[in-house]
Amino acid sequence: MKEECGVVGVLMHDADAQAKPASLQIYYSLYALQHRGQESTGITVKCGETIKSIKGMGLVPEVYSKDDLLKLKGNIGVGHVRYSTTGDSKIENCQPLMVKYKSGNVAIAHNGNLVNGHDLRDELESEGRIFITNSDTEVIAHLLVKELLKHDPIESIKAVMSRLKGSYSLALMIDDRLFAARDPLGFKPLCIGEISGGYVVASESVAIDTLNGELVRDVKPGEVIEITDSGFESYQMFNEKNAAHCVFEYIYFARPDSIIDGQLVYKVRERIGRELAKEHPVEADIVSPVPDSGITSAIGYTEESGINYQEGLMKNRYIGRTFIIPGQAMRETAVRLKMNTISENLKDKKVILIDDSIVRGTTSKRIIEMVRKAGAKEVHARIGSPAIIAPCYLGIDMATREELIAAKKPVDKVRDAITADSLGYLSIDGLVKAIGIDRGELCLGCLNELYPVEIPGEKCHRKQLSLDEFEEEDQS
Ligand code: AMP
């Protein structure tokens, strides 16, 4: 199962929790993280001696009512927004996952994808453990509870992390303590912030901004943080030589106003546009973005090329989650429901159309058809990402290899398939330069088929260390 999610954890000082309960802070944070998942959402809060949750399928404003939220009185809690492939769209998979065990309660909010999730599940099932969901998060919960019966929370989290392979950014509530943990390669983002009356941990810094707080820093790869009344306690559990931050967060997934691993996503996308203009110049009348994901790169392209920026497409802001009846007849309506052309801006123009990425190629084809129908003379597609040639196993819901258009076709055939006059993808070097993080610290698996962790049937370019080797390296 592939997951794209957003997580948040909040601790409010007791004196402030009355006026600003953790539940409300989590709710606003989840609003800010809505782009990371629209299928389901949940908030779990410690209310006195009990743990209470609100969970549901749908968007944040659909799931929570003011009255219900205000009933969740408490100073500490975690929250989650989730998107997964439709097959697994079930309320049981909705997080935070809550588990009661002999000496207390655990609530887990997880963003990421374990590559050894199935193996661990098999192992736990053979020990007689029963699963109620098909998510990796329940695997983490079982492992954690096993450890908590023997060790304190910090030792327990470390022991669990040593078993997990893949990507995970976690917000964890263990009894009345709040923790954040990031996998040793730091695939998915996770940051900590200070807000008036407390602290927050969240997938993206926009959640902290929304609460009018200050971003303190990113959780480091391999780090566990305990958020306490007096601040943050850090435990560096693993020291991998290099991180493997997901490049797709910068290309498409994260909000442009977020700062991830020290880089403002907006600036990265602007530089992507500039690099694209250097790598793939073309004579044209206007630079036009595919909204919203292509806007910032289009600004960068305009700055570098000097060609006028003009919007040729407008997105419906209120589209939300719309059901589309399948079939050819509805297809055009479906596309136009989401996006419309501004014909006057496009008519008789040579257009450079900027989008963030091409996955299956269907969106680009439909949009280019619309742009032509609006009267564009030429359409030159410029893509703010290198060709996506391989699947993601680490938390981005991309597509299978068979579905990825660039996995099957060279650039000129993709150009023909999307009916563009020309097509230019950003190079991997250009992307790395735009992100501004050393190439060795990035996961480029979907772009070069080299993954930083072992995945059956795929190539891995990094040595995997066992826990003993990790510890030896740590000590040396
Ligand atoms: P397509 O090529 O038709 O599969 O659609 C690609 C477009 O979908 C891109 O331009 C992105 O704006 C958007 N997109 C890319 N990756 C994802 C993803 N993992 N989830 C949802 N939308 C995505």
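Between domain 1 and domain 2, three residue pairs are in polar contact, both partners at pLDDT 80 or more. On the domain 1 side, the residues touching domain 2 divide into four nonpolar, seven polar and three charged. The rule finds zero salt bridges across this interface. The model is predicted.

**The two domains**

Domain 1 spans 5–244 and domain 2 spans 268–436. Their C-alpha centres lie 34 Å apart. In contact across the boundary are 14 residues of domain 1 and six residues of domain 2. The size of an interface is often given as the accessible area lost when the parts come together. Here domain 1 and domain 2 bury about 730 Å² between them. Carbon and sulfur atoms account for 59% of that area.

**A buried lysine**

Is Lys 188 buried or exposed? Lys 188 counts as buried, because its relative accessibility is 1% and the cut-off for buried is under 20%. This lysine sits in a loop, between β8 (177–182) and β9 (191–195). Which residues does Lys 188 touch, leaving aside those up to four places away in sequence? The charged side chains on the list are Arg 36, Arg 182, Asp 183 and Glu 249. Also touched are Asn 111, Gly 112, Ser 167, Ser 169 and Cys 246. Leu 394, Gly 395 and Ile 396 complete the set.

**Backbone geometry**

Two cis peptide bonds deserve a look. One runs from Gln 95 to Pro 96, with omega near 5°. Pro 96 is in the loop between β4 (76–84) and β5 (97–101). The other joins Pro 291 and Asp 292, and its omega is about -10°. In this second bond the residue after the proline is Asp 292, found in the loop between β17 (286–289) and α11 (295–305).

Positive phi values come next. Asp 175 and Thr 419 are tabulated with their phi and accessibility.

| Residue | Phi | Relative accessibility |
|---|---|---|
| Asp 175 | about 55° | 25% |
| Thr 419 | about 60° | 29% |

Asp 175 is not a glycine, yet its phi is positive. The loop that holds Asp 175 lies between β7 (169–174) and β8. Asp 175 counts as partly exposed because its relative accessibility is 25%. Thr 419 likewise has a positive phi without being a glycine. Its loop runs between α16 (411–417) and β23 (422–425). At 29% relative accessibility, Thr 419 counts as partly exposed.

**Helix α17**

Why is α17 described as largely enclosed by the rest of the structure? Six of the eight residues in this helix, which covers residues 428–435, are buried, so the rest of the structure largely encloses it. The buried residues are Ile 428, Gly 430, Leu 431, Val 432, Ala 434 and Ile 435. What do they pack against? Their helical partners are α9 (247–253), α10 (265–279) and α18 (445–448). Their strand partners are β16 (263–264) and β24 (442–443). Just after α17 comes Gly 436, with a positive phi of about 80°.

Methods:
Residues are numbered from 1 along each chain as its sequence is written. This is a predicted model: local features need pLDDT of at least 70, side-chain atom pairs count only at pLDDT 80 or more; totals for chains, interfaces and linings use all residues. Side-chain values use heavy atoms; hydrogens and water are left out. Helices (H or I, at least four residues) and strands (E, at least two) are DSSP runs, numbered from the N terminus. Buried means under 20% relative accessible area, exposed over 50%, partly exposed in between (1.4 Å probe, protein chains only). Contact means heavy atoms within 4.5 Å. Domain bounds come from an automatic or database domain assignment. Buried area is the accessible area (1.4 Å probe) that two parts lose on being put together, summed over both. A salt bridge is a side-chain nitrogen of Lys or Arg within 4 Å of a carboxyl oxygen of Asp or Glu. A polar contact is a pair of N or O atoms within 3.5 Å; within protein, one must be able to donate a hydrogen and the other to accept it, and residues adjacent in sequence count only if both atoms are side-chain atoms.
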